[in-house]
Amino acid sequence: PAMEKLAADTAETVYLVQRSGLEAVCIDLVPGPSAVRVLTLQVGSRRPLGLGAGGLAILATLDDDEREDVFSRVMGQIESEWRFAPQELRESMARARLAHDAVIRNRITPGVTAFGKSFRDSLGQVFGAVTVAGLNSRMTPARIAMLHAGLDKATASIERARMALAMWRVCSAEYWV
């Protein structure tokens, strides 16, 4: 529901990515109602953490030691396969940490800007991210502010839902014991 609302409100494509080791895996997407849709990922697509907006949001949110470990392990692949320099990724991570979300422009798909924000599981561990992607021409300052607010609401909604599910599982398990 949070993704559907965000796609409807922004008219952009919304992606849900989950961390799987050193990768971000697209597990769902909701195209917005816009006539021009940005579909840069498919369900099941995998990318190294740090490359796309969702993976960058996840990587930037990790604690310092884990972030550096992941960075050192994925940077070679990102540099060789995507021609993205290590210093550029370090700068992107620093900006994402300060802003609490990640923004990429023309990094993977020319003409596309994407925003990603990570969310946590019921134990407080970074679990995944929600990403909104659209054409650069539609990313005006007013729309960017709306996207940031929408991502904040969507990730908060997902975290609440995950917490409620975790509590239900605990209560359910206690009931059956």
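A nonpolar core is a set of buried Ala, Val, Leu, Ile, Met, Phe, Trp, Tyr and Cys residues joined through side-chain atoms within 4.5 Å. This report uses that term to describe a predicted model of one protein chain.

**Overall architecture**

The protein chain contains five helices and six strands. Along the sequence these elements follow the pattern α-β-β-β-α-α-α-β-β-β-α. The chain has 177 residues, of which 44% count as buried. Its exposed surface is about 9300 Å², and carbon and sulfur atoms supply 56% of that area. Among contacts with a separation of 6 or more, 57% are made by residues 24 or more positions apart.

**The nonpolar cores**

In soluble globular proteins, nonpolar side chains tend to be buried together. In this model, the largest nonpolar core has 31 residues. Val17, Leu56, Ile78 and Leu89 are the residues with the most contacts inside this core. Both strands and helices give two or more residues to it: the strands are β1 (13-20), β2 (23-30), β4 (102-105), β5 (112-120) and β6 (126-135), and the helices are α2 (53-61), α3 (64-82) and α4 (86-99). The largest share, six residues, comes from α2.

Which residues does Val17 touch, if those up to four places away in sequence are not counted? They are Ala24, Val25, Cys26, Ile27, Leu41, Gly54, Gly55, Ile58, Phe119, Gly128 and Ala129. Val17 lies within β1 (13-20), and its contacts Gly54, Gly55 and Ile58 fall within α2 (53-61).

Another core, of 16 residues, lies apart from the largest one; Ala7, Val14, Val130 and Ala154 are among its members.

**Strand β5 and its neighbours**

Is β5 mostly covered or mostly open? This strand is mostly covered, with eight of its nine residues buried. β5 runs antiparallel to β4, to which four bridges join it, and also antiparallel to β6, with nine bridges between the two. Thr113 of β5 takes part in both pairings: it is the bridge partner of Arg105, and it stands opposite Gly134 in β6.

Each of these pairs also forms a hairpin, as the table sets out.

| Hairpin | Residues between the strands | Residue with positive phi | Phi |
|---|---|---|---|
| β4 and β5 | six residues | Asn106 | about 60° |
| β5 and β6 | five residues | Gly124 | near 85° |

In the hairpin of β4 and β5, Asn106 lies in the turn.

**Summary**

The predicted model combines five helices and six strands with a largest nonpolar core of 31 residues. β5 contributes two or more residues to that core and is joined by bridges to β4 and to β6.

Conventions. Residues numbered from 1 in each chain as written. Predicted model: local features only at pLDDT ≥ 70, side-chain atom pairs only at ≥ 80, totals over all residues. Heavy atoms only, no water. Buried < 20%, exposed > 50% of the residue type's maximum accessible area, 1.4 Å probe, protein only. Contact = heavy atoms within 4.5 Å. Areas by Shrake-Rupley, 256 points an atom, 1.4 Å probe, with all protein chains shown as cover. Pairing = 2+ DSSP bridges.
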